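Reader: I have some questions about how the labels on this model were reached. Please set each value against its cut-off.

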Amino acid sequence: MAKFSHSKLNLFFLLLLISLLTTAAAPAGRRHPLDPLSSDEIELIRSLVINSIRNLSTTDVTFQYVALTDPNKQYVLSWLSNPKTSPPPRRATAIVRYNSSTHEILIDLDKKAIISNRVYSGPAYSMFTLSELLDAVALPQSHPPFVAAMNKRRLKVKDVICACYSVGWFGEKMKQRRMVKLQCYYSNGSVNLYMRPVEGVTVTVDLDQMKIIGFRDRYEAPVPKADGTEYRPSMLKPPFLPPLNGVKMVQPEGPSFKVNDHTISWSNWELHVGFDKRAGPIISLASIYDLEKQKRRQVMYKGFISELFVPYMDLTEEWYYRTFFDVGEYGLGQYAASLEPLRDCPENAVFMDTYIAAGDGRPMKMANTFCIFERHAGDIMWRHTERAIPNRIIKETRAEVSLVVRMVATVANYDYVLDWEFKQSGSIIATVGLTGLLGVKASKYTHRDQIEEEVYGTLIAENTIGVNHDHFFTYYLDLDVDGGSNSFVKSNLRTVRPPNTDNPRKSYWTVVSETAKTEADARIKFGRQEAELVVVNPNRRTRMGNPVGYRLIPKSTAGPLLSVDDYPQIRAAFTNYNVWVTPYNSSEKWASGLYTDQSRGNDTLATWTLRNREIENKDIVMWYTLGVHHAPCQEDFPLMPTLSTGFELRPTNFFESNPVLKVTPPRPLNRSVCAH
C-alpha cells in the first residue's frame, strides 16, 4: 500500500478542491456563454443599433425581440470540458422594426460591433412589445365612436379597460398591416375586469402608425355584474374556510444548493438557468453525478417551452380570430410575474432577477423572475417493509427531496406556473399549472335552460359564458444522453398469445422495440398504441448490455381537435403529433417559426420535418406537446384553482442500479431550532 506524506496529502486535497470548483460556472470576470443578456449588454445593443440608423429619417424604432444568440453547441461543450479556455464568441440578435420594415440585426458583444443587418420580407411579424400594447389600449378613450358606444351602454368610459389580441391569419393572400384587435372590459365595481366583458364592440389598431383603423359596434349584451367576481381577501365576505396551522420551513445551515450566477449545483445535479423574453425559463447543461462511475454524465443540453397555442372555439365575429400563440406573439418571459416570497414560493426559496429589452431597447429589470427551492413535500422516494423473514421485520424508507426552479408568466387573463423539478433519482419533471381568469363572453342568458343555440362554452355565472378552448405547450428537449449521438426508440407493448397452447394463460404482453431512422418514423400520436418512448445512446451500454437512455412519461395525451385545414391549425401544425424528433439545428428553436404574428404555417416544426432527415445515432432534439382541453365549469369562476399537468424524463438503463439506494437523508434539526 502506498504511503503519502502530509504535504503530498494536502496537495492532493487542494487539487481535488480545485477540480470540484471547476464546474460549468464561468471563471471570475467572464460570463458563462449561456447566461442571459445583462443590463449592460442590452444597453450596448441599443446604442449600437440606434447609432447605426441615426442617419436614417426615422425616429420610430421598436425593439421587438432582443436575445442571446445561441453559441455554437460544440464550442460550448468544449469550453465546458475545459473552462480555462476562451468561451465561445458572445453574440446577440435584435429584431428591430423601423421605417415599416423588420430588421434582423446580429451583434458581436465582445467586439461591440454590428455583424449584419438583414431585412425580413416575409408575411409575418415578430412579437408584440409591452409598450406598444399599452399605447394601443389607450387609443379608444379618445375615439368618438367608442365613447358613444360606451355611453349607449351607460358605462363610464374611464372605467373601461381594453386588451390587445392578435388577429391571426385566415387565408389572406396579401400581407396585412401589423395590427391588433381590442376587446374591452368594465372595471367599475371589481378589479376582476376579465369577468365583465363589453361584448359586441371591436376596435382595430395599426401598431406601426399607432392609430385606430377599424371600429365595429355590432350588438349589445348585458355586462356581467360585479357581485361575486372579487378575489382579494379584503373584498370577500364571510363565511370563510377555517385557517390551517402554519408550517415553517427551516434550514439553519442554508439551502443545500449553490447558485453561481446562473449555474446551480444541488446534490448530484448541476444545471444552468437561462432566460429569454420569448421562452421564459431555459434549462441548459443539466448533468448528473453518477456515484458508481464517479463521474458527471450529460442528460439535457437545453429545454424550454418553444410555443404555447391557445385557440378558442367561439366562431362569432368578435371571437373567431382568438387563436393565440403566447410564446411567439406575446412572450412568456416578457410577461414573467415578480414572484412573492411565502406566497408564490416557500420560505426556503432563493430568488433570481433578470433583464429584458423594453420596446425602446432599454434594459428593463424583471425582479424575482425565478425562485429556486428544495421541495420537502412529504413524498416517499422509496421504501419497503419485509415480513417474510422469520422473527424479523425490516423497514426502510427514504424521504423525497427535490430541487425546483419556478417562473410564473401572467399573459393577460391566464397565469402559468412553470416548474422544472430535479430528483436525486435522475428524473427531470416539467410541470405547468394553469390558473388565473377564464376568457369569458357576455351573454343574455342567466340559466342553462334558456339556451337554445350554440354558445361555444358553459354558462358559469349569470350572463357569463366560459368559452371552450385549448392549451398546447410544445417543449423543446435537446437531450444529450451520455453524449451527443442519440437515437429515438419506440418500445411498443404488444399483446401476444402463448406459443404453447397447453399454457393455462391465454395472453401476455411483450416489448417490441423500433429505432426511428428518420423524422417520419418518430412522429407519435398518443392513444394509437401503448408504447414507451426512449432517447438512448446506442454507443453507451450498461454492464448488462442495455443502451443507456431517458424515457418520456407524459401526463397529458390530448391532441388537437381542429381540422387540419382550419387556418389556426395550419399555423399550429406542430401540435398535430404529440412527439416529433429532429436532428439538431441551431436555427430550429421556435415550433411556430421565428415570426409568429400573422404567420401562415410555412416555417414551423411540421414543415421542417418534411425533409425527413436521418435521426439515428445523431445529435437529436425531441419535441413534446402536452395539451389541455378546457371546457369551463362553475368552479373556474371567478378565478380558477390551479390545474396542473406535465411530463417526466426518467432514466432508463442509464444507471447500473438504483441511483438513490445510498442517498443520505437530510440532517435532523436539533430541538432548539425546531422550537423557534
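Author: In this predicted model, the link of Cys162 and Cys184 is right-handed, with 90° about the S-S bond.

Reader: How do you know that Cys162 and Cys184 form a disulfide?

Author: Their sulfur atoms are 2.0 Å apart. A disulfide requires a pair of cysteine sulfur atoms within 2.5 Å, so the pair qualifies.

Reader: Which parts of the chain does this pair tie together?

Author: Cys162 lies in strand S5 (residues 160-166) and Cys184 in strand S6 (residues 179-186), so the bond ties together parts that are 22 residues apart in sequence. Both Cys162 and Cys184 are buried.

Reader: How many disulfides does a search of the whole structure find?

Author: The search finds two. Besides the pair already discussed, a disulfide joins Cys345 to Cys371, with an S to S distance of 2.2 Å. That distance is also within the 2.5 Å cut-off.

Reader: Where in the chain are Cys345 and Cys371?

Author: Cys345 is in the loop between helix H6 (326-330) and strand S15 (350-357), and Cys371 is in strand S16 (residues 363-375). The two are 26 residues apart, and the pair links distant parts of the chain.

Reader: Why is the disulfide of Cys345 and Cys371 called left-handed?

Author: The torsion about its S-S bond is about -90°, so the disulfide of Cys345 and Cys371 is left-handed.

Reader: What makes Cys345 count as buried?

Author: Its relative accessibility is 3%. Buried means under 20%, so Cys345 falls in that class. Cys371, at 0% relative accessibility, counts as buried by the cut-off of 20% as well.

Reader: What is the pairing when the bonded cysteines are numbered in sequence order?

Author: The pairing is 1-2, 3-4.

Reader: Why is the sulfur of Cys164 not counted as bonded to the closest cysteine sulfur?

Author: The closest cysteine sulfur to that of Cys164 is in Cys162, at 8.2 Å, which is too far for a bond. The limit is 2.5 Å, so no disulfide is assigned between them. Cys164 is buried, with a relative accessible area of 7%.

Reader: Is Cys633 buried, exposed or partly exposed, and why?

Author: Cys633 has a relative accessible area of 32%. Buried is under 20% and exposed is over 50%, so Cys633 is called partly exposed.

Reader: Why is Arg278 said to have no salt bridge?

Author: The nearest side chain of opposite charge, that of Glu307, is 4.2 Å away from Arg278. A salt bridge has to be within 4 Å, so this pair does not count. Arg278 is nevertheless buried, in the loop between strand S11 (269-276) and strand S12 (280-290).

Reader: Which backbone oxygens does the side chain of Arg278 reach?

Author: The side chain of Arg278 reaches the backbone oxygen of Gly593 at 2.8 Å, and that of Leu594 at 2.8 Å. The limit for a polar contact is 3.5 Å, so each distance is inside it.

Reader: What makes Arg600 a buried arginine with no salt bridge?

Author: For Arg600 the nearest side chain of opposite charge is Glu172, 6.1 Å away. The cut-off is 4 Å, so no salt bridge is assigned. Arg600 sits in the loop between strand S30 (579-583) and helix H8 (605-608), and its side chain reaches the backbone oxygen of Met174 at 3.2 Å. Its contacts beyond four places in sequence include Trp169, Glu172 and Ile570.

Reader: What does UniProt place at Tyr414, and why is the residue called buried?

Author: The unreviewed UniProt entry places the feature "modified residue: 2',4',5'-topaquinone" at Tyr414. Tyr414 has a relative accessible area of 2%, and the cut-off is 20%, so the residue is buried. Tyr414 is found in strand S20 (residues 414-423). Leaving out residues up to four places away in sequence, Tyr414 touches Tyr312, His469, His471 and His630, among others.

Reader: How do you know that a polar contact joins the side chains of Asp206 and Arg177?

Author: The contact between these side chains is 3.2 Å. The limit is 3.5 Å, so the pair is inside it. Asp206 is in strand S7 (residues 197-206), and at 3% relative accessibility Asp206 counts as buried.

Conventions. Residues are numbered from 1 along each chain as its sequence is written. This is a predicted model: local features need pLDDT of at least 70, side-chain atom pairs count only at pLDDT 80 or more; totals for chains, interfaces and linings use all residues. Side-chain values use heavy atoms; hydrogens and water are left out. Helices (H or I, at least four residues) and strands (E, at least two) are DSSP runs, numbered from the N terminus. Buried means under 20% relative accessible area, exposed over 50%, partly exposed in between (1.4 Å probe, protein chains only). Lys and Arg count as positive and Asp and Glu as negative; His and the chain ends are not counted. A polar contact is a pair of N or O atoms within 3.5 Å; within protein, one must be able to donate a hydrogen and the other to accept it, and residues adjacent in sequence count only if both atoms are side-chain atoms. Contact means heavy atoms within 4.5 Å. UniProt positions are given in the numbering used here, feature names are shortened, and annotations may be inferred rather than shown by experiment.
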